[in-house]
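The exercises below ask for careful reading of a predicted model. Each task is followed by a solution that goes step by step.

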Amino acid sequence: MSPTPIILFASLLVVVHAGYVPDACMNCICDVETNCRMPDPLCHMDGGSPSCGPFQLKRAYWLDARLKGGDLMNDWQKCAASWTCSRQCVDGYMERYAVRSRLGHNPTCEDFSRIHNGGPNGFKMAATLAYWERVKKCLVGGPGLYQVDLEQPQKNHTKLG
C-alpha cells in the first residue's frame, strides 16, 4: 500500500468533528459522561428525567441546541443515538450559551464542561466544579488520550446567545 492513502486517511480524521467545541474538550466530556460509549439502553433516569446517548443529553438540552445547531434529526432520542448528531447537539448548545457576551471572556474547555453539566449558568455554579475536575483530568492525560493547553482560550466565539 502506498503512503498516499495513509496520508489521505489521516487528513480525513482531522476534519471528523471540527465543531464549536474543540475535539479534545468534546472527547473528554464524552469520556466523563459514558467513557465515550453508546449506552445500552440508550437512556437512563438522571435527576428525574431521562439522559440519553454518549453525552447524556436531556430533551431540554436538545431543544435549546436546536436553536443554534439546526434540526438535529428532529428527534431527541434519535439524535442521542447518533454520534454525529450528539456532537452537533453539544456544539449547538455551546454556540447558544458558551459565548463571550455571556461569559465575559472567550469560552474555554472549563466553560464548555461546566455548562454541559450545569446548564446555561453552569459556568458560575460551584456544583459543576467537580465535573470540571474530571474533564480536566482527562485533558491533562488521565486516560492518556487527549491533551490541550488549559489556559489557552479557544477561538473568539462572539455569537450572541
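## Exercise 1: Salt bridges

In a salt bridge with an N to O distance of 3.2 Å, the side chain of R114 meets that of E110.

Task: State where R114 and E110 lie, and decide whether each is buried or partly exposed.

Solution. Begin with the position in the fold: both R114 and E110 belong to helix 7, where they are 4 residues apart, about one turn of the helix. Next, take the accessibility of each partner, for which buried means under 20% relative accessible area. R114 has 8% relative accessibility and therefore counts as buried, whereas E110, with a relative accessible area of 26%, is partly exposed.

Task: Find which parts of the chain are linked by the salt bridge of K58 and D46, and by that of R96 and D64.

Solution. As background, side chains of opposite charge can pair when their charged atoms come close. The search of the whole structure finds 4 salt bridges, and one of them joins the side chains of K58 and D46 at 3.9 Å, N to O. Because K58 lies in the loop between strand 2 and helix 3 while D46 lies in strand 1, this pair ties together parts that are 12 residues apart in sequence. K58 is partly exposed at 25% relative accessibility, and D46 is partly exposed at 38%. The salt bridge between R96 and D64 has an N to O distance of 3.1 Å. That pair links distant parts of the chain, with R96 in helix 5 (residues 83-97) and D64 in helix 3, 32 residues apart; D64 is partly exposed, at 21%.

## Exercise 2: Disulfides

Task: Establish how many disulfides there are, and give the handedness of the links C25 to C109, C43 to C52 and C79 to C85.

Solution. With a cut-off of 2.5 Å between cysteine sulfur atoms, the count comes to 5 disulfides. Counting bonded cysteines along the chain, their pattern is 1-9, 2-10, 3-4, 5-6, 7-8. C25 is joined to C109 with an S to S distance of 2.1 Å; this pair links distant parts of the chain, since C25 is in helix 2 (residues 23-34) and C109 in helix 7, 84 residues apart. The torsion about their S-S bond is about 90°, so this disulfide is right-handed. C43 and C52 are joined at 1.8 Å, S to S, and with 110° about the S-S bond their link is right-handed. For C79 and C85, joined at 2.2 Å, the torsion is about -100°, so the disulfide is left-handed.

Task: Explain why C89 has no bond to C79.

Solution. The closest cysteine sulfur to that of C89 is in C79, and the distance of 4.9 Å is too far for a bond. C89 is buried, with a relative accessible area of 0%, and C79 is likewise buried at 0%.

## Exercise 3: The largest pocket

Task: Describe the lining of the largest pocket, and say which helix gives the most to it.

Solution. The largest pocket holds about 330 Å³ of space. It is lined by 19 residues, of which S51, Q56, K58, Y61 and H116 are the closest to its centre. Strand 1 (43-46), strand 2 (49-52), helix 3 (59-69) and helix 7 (109-118) each supply at least two residues of the lining, and helix 3 gives the most, with 4 residues. By residue class, the lining divides into 7 nonpolar, 7 polar and 5 charged residues.

Notes: Residues numbered from 1 in each chain as written. Predicted model: local features only at pLDDT ≥ 70, side-chain atom pairs only at ≥ 80, totals over all residues. Heavy atoms only, no water. 1 Å grid on protein atoms, 1.4 Å probe; cavity = no way out; pocket = protein on both sides within 12 Å on 5 of 7 lines; lining within 4 Å. Points joined across faces, edges and corners; volume = space filled by probe spheres on them. Nonpolar A, V, L, I, M, F, W, Y, C, P; charged D, E, K, R; others polar. Buried < 20%, exposed > 50% of the residue type's maximum accessible area, 1.4 Å probe, protein only.
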